[in-house]
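Trainee: I would like to take a close look at a single part of this protein and understand it step by step. Could you go through it with me slowly, once the structure is in front of us?

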Amino acid sequence: MNKDIKYFGIDISHLVFDVTDSDGNYYQFKNNPTGFKKFVKLLKVNSHCVMEATGYYHYQLAYYLLESGIKISVENPLSVKRFIQMKLSKIKTDKSDSKLICEYAKQVELKLWKGNSKHQTECLQMTRLLAVYTKQSTMLKNKLHGEAVLGNPSKSVVSSLKRSLKQVQKEIKTLEDKLIILVKEVHQDVLTRLKSIPGIGNKTALMLVVLTDGFERFTSGSELCSYAGLTPVIRKSGSSVTGRPRISKIGNQKLRSLLFMCSFNACKYNKACREIYERIVAKGKSKKLALIAVCNKLLKQAFAIAKSGLLYDDAHRSGLVKN
């Protein structure tokens, strides 16, 4: 902990946000521009605000603080939750949460939050809406199948479901086309190179670019794997009790899920990924563990290709991407 920094733990809800500072002072403000202005009056050059990524509620305050020149960190809720569990706190109130977030800030290494560009924000908004429409499409298809199984489905019901499905699929196509155009405006080169990696298709390459902001915020493949929550966590107590290694899951769940789905194709078409998978399974390890290793390998390959400026085959021959 830097003693020269005054930390402010912030717990945000829909209507208000609670604040506890390093000196133990507690405040509550409305979660709107008026409340933001009142809060900023408390802050000085050495202030560092820390909050959890709470869905949508934290965005307005986070960007307001960023634009006001205040240091801010937006932490993964799971990291904060585990810290609170270690403290064994049985009190669950907004006031205690802001206090524990402040304690968390004092004891961990924080990364400054930089926000997203307008381009990246729009891409992420489209991605989130696509996920909603995709779920709706699946639900409508399942409902159609369920009606067909009845044996004597209502024509009106089936017609309505088909019209809804057609409209949802039309919206998906429109959004996907717009997203591709938007991504190509900034990341055309990276997108092309990612698609040269065996096992990565058009949609996967597109989503990798969107979810990593074109890999621009990362300095190493390991850092990127940590961001995705694919790094192993060893559970050990004393010298006798050792738990099975698991991935941390403290990271971007969408990126992790994307890679896991992609790992099946990578095992078929990507030589390096297939060798890792077969080697781990041959040692008697679980197939799931082998697939996680494939995810790591694939993500590191993607990072290397994105940063090298080369296509996969050229990077492989030059030794930038190793088996």
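Trainee: What span should the 32 residues of helix α5 (residues 118–149) have at 1.5 Å a residue, and how far apart are its end C-alpha atoms?

Mentor: Please keep in mind from the start that this is a predicted model, with a mean pLDDT of 86 over the protein and 89% of its residues at 70 or more. The stretch of residues 233–243 has a pLDDT below 50, although it still makes twelve contacts in the model beyond near neighbours in sequence. Where pLDDT is low, the predicted coordinates should not be read in detail.

Now to your helix, one of the twelve helices that the protein has along with nine strands. At 1.5 Å a residue, the 32 residues of α5 should span 46 Å, and because its end C-alpha atoms are 47 Å apart, the two values agree.

It is instructive to set α6 (residues 155–194) beside this, since a straight helix of 40 residues would span 58 Å at 1.5 Å a residue, whereas α6 spans only 46 Å between its end C-alpha atoms. In α6 there is also a kink of about 100 degrees, and this kink is centred on His187. The unreviewed UniProt entry places a feature called "coiled-coil region" at residues 158–185, and over those residues the chain is 100% helix and 0% strand, with the end C-alpha atoms 41 Å apart.

Returning to α5, we can ask which of its residues are hidden from the surface, where buried means under 20% relative accessible area. The buried residues of α5 include His119, Gln120, Cys123 and Leu124 in its earlier part, and they also include Tyr133, Ser137, Leu140, Leu144 and Glu147. Among the elements that cover these buried residues are α6, whose span we have just examined, and α7 (202–212). After α5 comes Gly151, and the phi of Gly151 is positive, near 95 degrees.

To place this in the whole protein, buried residues make up 41% of its 323 residues, and of the contacts between residues at least 6 apart in sequence, 60% join residues at least 24 apart. The accessible surface comes to about 19,100 Å², and carbon and sulfur atoms account for 55% of that surface.

How values were computed. Residues are numbered from 1 along each chain as its sequence is written. This is a predicted model: local features need pLDDT of at least 70, side-chain atom pairs count only at pLDDT 80 or more; totals for chains, interfaces and linings use all residues. Side-chain values use heavy atoms; hydrogens and water are left out. Helices (H or I, at least four residues) and strands (E, at least two) are DSSP runs, numbered from the N terminus. Buried means under 20% relative accessible area, exposed over 50%, partly exposed in between (1.4 Å probe, protein chains only). Contact means heavy atoms within 4.5 Å. Accessible areas come from the Shrake-Rupley method with a 1.4 Å probe; for residues, only the protein chains shown count as cover. UniProt positions are given in the numbering used here, feature names are shortened, and annotations may be inferred rather than shown by experiment. The expected span of a helix is 1.5 Å times one less than its number of residues. The bend at a residue is the angle between axes fitted to the seven residues ending there and the seven starting there. pLDDT is the predictor's confidence in each residue, from 0 to 100.
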